[in-house]
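Student: I have just opened this structure for the first time. Could you walk me through it with some questions and answers?

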Amino acid sequence: MRRLDFPNNIQIETTSRCNAKCSFCPYPETSKTQPQGHMDEDLFRSIVEEISHYPLQLIQPFLNNDPLMDRRIIPRLDFIICKNPRTRVMITTNGYLLREEIARELARMNLHTIHISSNALAPEVYRETMGIDGYTVIRNVNYLWDRLREAGSRTRLVVTVLLLRANKNEIRHMREYWRSRGVDFYLNPLNNRAGNIPDETFREMLPFSEQANARQLLSYNMSGCPALHSFMGILWNGDLITCCMDWRRSQKLGNARQDSLYNLWHGRRYQYLRNLSNAGRLDELELCRQCGENRFSIDTGALRELLEHQGDGDVEVVSLLEGFRREPDLIQLGLLRQ
């Protein structure tokens, strides 16, 4: 695979912090062992200045964090958009800190998409899955949506949901609620974040019976990875990592304080990984190998047959998912097999 001269997809972690305690996320544990902090302004501006000289397709000012934990995120988004006017800029947030003044600022910006990670409507399920108050999030998202419409904004607002044991009976209600408001709705599969979620915890969160879940888990061939030729992830302290799955920072590829992003992209650490990938040997690395394991992807026909045989009430959930197949933009990241 041909390496781009400069990555076209860049994530910049302006702060390492997140205010949620999601059951499906490694952050509550990895944050205890990994250095935490906020990106200083000089480093941030030098990164944005450099990337503005290249034809990027996507900039996302977050990585393994919630971007609204950065108190300077609004002026930083303004700076990114100003310096990269032809590049799509997206953010993903849990929405809890999406206060009215923040929402008004986001509504005036030329953002491509705002993703809201939201996994319930019922308050108790919200607490169980994300550790934050769901009512506050729903109120915040509705306020943002109203401001976007008032401003005539072209920014897409998308609520993204994981299919979990805790929320499977709310999926229909969530979809209907957000669609009634005119907000896009995505449904994604759970994965174990390249082994960063303990296996027992991961399997307990899967939506169906133990036998049914086991039959929906796939292993993908991770002997090569296209992201090594197009993606760059930059942590709050300037460290570069391979991708968003490297929660424990096992594969650092240099530091933006010590060299230009261009030189690091062409440097020996990146090239070592690309050589492994091109040779079909990337799965020799534990992180990359585990990235392909335990991928939850539903064969709805086989699952329905099994659940009907078991007399399982989850047949209704499968019927709902089968209906979703008619809306390909709703189902994301391989949740349903073709």
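**Spaces, cores and rings**

Tutor: Gladly! The lining of the largest cavity is made up of two nonpolar, six polar and two charged residues. Please keep in mind that we are looking at a predicted model.

Student: Which residues line the largest cavity?

Tutor: Let's sort them by class. The two charged residues of the lining are Glu13 and Arg249. The two nonpolar ones are Tyr27 and Trp247. The six polar residues that complete the lining are Ser16, Thr30, Ser31, Gln34, Gln36 and Asn64.

Student: How much space lies in the largest cavity?

Tutor: The count gives one cavity of 30 Å³ or more. The space inside the largest cavity is about 60 Å³.

Student: What about the second largest pocket: which residues are the closest to its centre?

Tutor: The second largest pocket has a volume of about 170 Å³. Its lining has seven nonpolar, three polar and three charged residues. Of the 13 lining residues, the closest to the centre are Ser23, Cys25, Pro26, Glu29 and Pro198.

Student: Now the interior, please. Which helix gives the most to the largest nonpolar core?

Tutor: In soluble globular proteins, nonpolar side chains tend to be buried together. Here the largest nonpolar core has 100 residues, and Leu106, Leu187, Phe208 and Leu321 have the most contacts inside it. With seven residues, the one that gives the most to this core is helix H6, residues 134-150.

Student: Which residues is leucine 187 in contact with, leaving aside neighbours within four places in sequence?

Tutor: Leucine 187 is one of the residues with the most contacts inside the largest core. Its partners include Val161, Leu162, Leu163 and Ile171. The others on its list are Leu321, Phe324, Leu330, Ile331, Gln332 and Leu335.

Student: Is asparagine 142 buried or exposed?

Tutor: Asparagine 142 has its place in helix H6. Not counting residues up to four places away in sequence, it touches Tyr177, Trp178 and Arg181. Its relative accessibility is 13%, and the cut-off is under 20%, so asparagine 142 counts as buried.

Student: What is the phi of arginine 193?

Tutor: Most residues other than glycine have a negative phi. Arginine 193 is in the loop between strand E6 (184-188) and helix H8 (199-205), and it is buried, with a relative accessible area of 18%. Its phi is positive in a residue other than glycine, near 55 degrees.

Student: And what is the relative accessibility of alanine 194?

Tutor: Alanine 194 is also found in the loop between E6 and H8, and its phi is positive, about 55 degrees, although it is not a glycine. A second, separate core of five residues includes Ala194, along with Met222, Leu287 and Cys291. Alanine 194 counts as buried, because its relative accessibility is 5%.

Student: On to the rings: what kind of aromatic pair do phenylalanine 44 and phenylalanine 79 form?

Tutor: The count comes to six aromatic pairs. In this one the rings are 6.1 Å apart, centre to centre. The planes meet at 50 degrees, and planes from 30 to 60 degrees apart count as neither stacked nor edge-to-face, so the pair is tilted.

Student: Why does this pair tie together parts that are apart in sequence?

Tutor: Both phenylalanine 44 and phenylalanine 79 are buried. Phenylalanine 44 lies in helix H2 (residues 41-51) and phenylalanine 79 in helix H3 (residues 73-83), so the parts they tie together are 35 residues apart in sequence.

Note on methods
Residues numbered from 1 in each chain as written. Predicted model: local features only at pLDDT ≥ 70, side-chain atom pairs only at ≥ 80, totals over all residues. Heavy atoms only, no water. Core = buried A, V, L, I, M, F, W, Y, C linked by side-chain atoms within 4.5 Å. Buried < 20%, exposed > 50% of the residue type's maximum accessible area, 1.4 Å probe, protein only. Helix = DSSP H or I, 4+ residues; strand = E, 2+ residues; numbered from the N terminus. Contact = heavy atoms within 4.5 Å. 1 Å grid on protein atoms, 1.4 Å probe; cavity = no way out; pocket = protein on both sides within 12 Å on 5 of 7 lines; lining within 4 Å. Points joined across faces, edges and corners; volume = space filled by probe spheres on them. Phe/Tyr/Trp six-rings, centres within 6.5 Å; stacked < 30°, edge-to-face > 60°.
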